[in-house]
Amino acid sequence: MLAPEDYMRRALELAERGLYTTTPNPRVGCVIVDEAGEIIGEGWTQPAGQNHAEVQALIDAVQRGKSVVGATAYVTLEPCSHFGRTPPCCDALSSAGISRVVAAMEDPNPLVSGKGFERLAAAGIAVSSGLLEEPARALNEGFISRIVRGRPFVRLKIAASLDGKTALANGVSKWITGDAARADAHHWRARSCAVLTGSGTVLADNPSMNVRAVATPRQPRRIVLDSQLRTPADANILRGGNTLIVTASNNTKRRLELETAGAEILHLPSQAGHVDIEALLPILGKNTNELLVEAGAELNAAFMQSGLVDEYLLYLAPTFLGDPARGLAMLPAFGKLEERIALHFQAFEQIGEDLRVLARPA
């Protein structure tokens, strides 16, 4: 018989299989273990509107010809207790005869939080929570951010040289990092609900901002911050739809051209005539768990200075581009060291010839 931690680790592995697909729902895994310690059912949350992890695990047990009566369910998130697009998982577990539920963490959703455990206990099911909670929370930081803070978890991705440059002075930037690092970045795109860039990047590079190097059934929404509606109607980022342009402009002609090209337009000006990114995040928070920002130096600085970045995803190439080259963020000159933006390093990994660094605000 394995230790409880081993069963929960397996449940977390299953939850990761929904990394690209469960949004806006959380990534959840479930393992059902019989009284002899044998895993008799496994499942993970399917795309929105389909089965949750617990129901999938129960179905798996049936398909294996196993009885779940008296079994224990290890699940990475508190089972839901309300009717959404699917019935409550609590009812499915109790009806099946599960005798014990071990959860990694409580659901932060007020519709569920604690109520799932209460409903299970009322049905005579033993409940415990907190086993491997930290990795369970890390897997769903976007969902937690959306539910608790009302905005997405913002990840800022930058590819730069060791001296912090993202392009030569003439704008040439293809390619600073290698093939492996660029392919790795598509993994982070694929797990994101949306990818955001600025109109400057669209005009300079004409990117598609879609996922190509990772197999995924779902493409993230593409968002362009375009204060003056400068995005060309034939831009690559508009192909295939699923693109939102956020603007401060009242130019109805340009708006119609872009809408005809398939874009959705959101008018959201600030007092300075630019897009108000602080006002944008709560709007995105209605259905966006993780937001990946892939932009230029000006927009990078705007996010950094606003304190809106939750995590930095940095790819550093083993090269120097020199002082005239373009920096990664147009930050103002700081007069004191205390004014600097301090970070904590979270992880380092060599990806091909480049270094991937994850860091968070101190």
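In the predicted model, alanine 73 of β3 is the bridge partner of isoleucine 32. Strands (E, at least two residues) and helices (H or I, at least four) are DSSP runs numbered from the N terminus, and two strands are taken to pair if DSSP finds at least two bridges between them. Strand β1 (residues 29-33) runs antiparallel to β3 (residues 72-75), the two being joined by 4 bridges. Residues are numbered from 1 along each chain as its sequence is written. Local features of this predicted model need pLDDT of at least 70, side-chain atom pairs count only at pLDDT 80 or more, totals for chains, interfaces and linings use all residues, and side-chain values use heavy atoms, with hydrogens and water left out.

An open sheet of 5 strands, with mixed pairing, follows the order β2-β1-β3-β4-β5. Because β2 (39-44) and β5 (126-129) stand at its edges with a single partner strand each, one side of each is left without a neighbour in the sheet. Neighbouring strands are turned by 15° against each other on average, direction ignored; axes are lines fitted to C-alpha atoms, for helices over the stretch in contact, and angles run from 0 to 180 degrees between N-to-C directions. Helix α4 (residues 115-122) lies across β4 (100-103) and β5, at about 155° to β5, where contact means heavy atoms within 4.5 Å.

A further open sheet, also of mixed pairing, comprises 9 strands in the order β11-β10-β9-β8-β12-β6-β13-β16-β15. Its edges are formed by β11 (264-267) and β15 (343-351), and its neighbouring strands are turned by 20° on average, direction ignored. Strands β6 (residues 153-161) and β12 (residues 290-293) run parallel and are joined by 4 bridges; arginine 155 stands opposite leucine 292 in β12.
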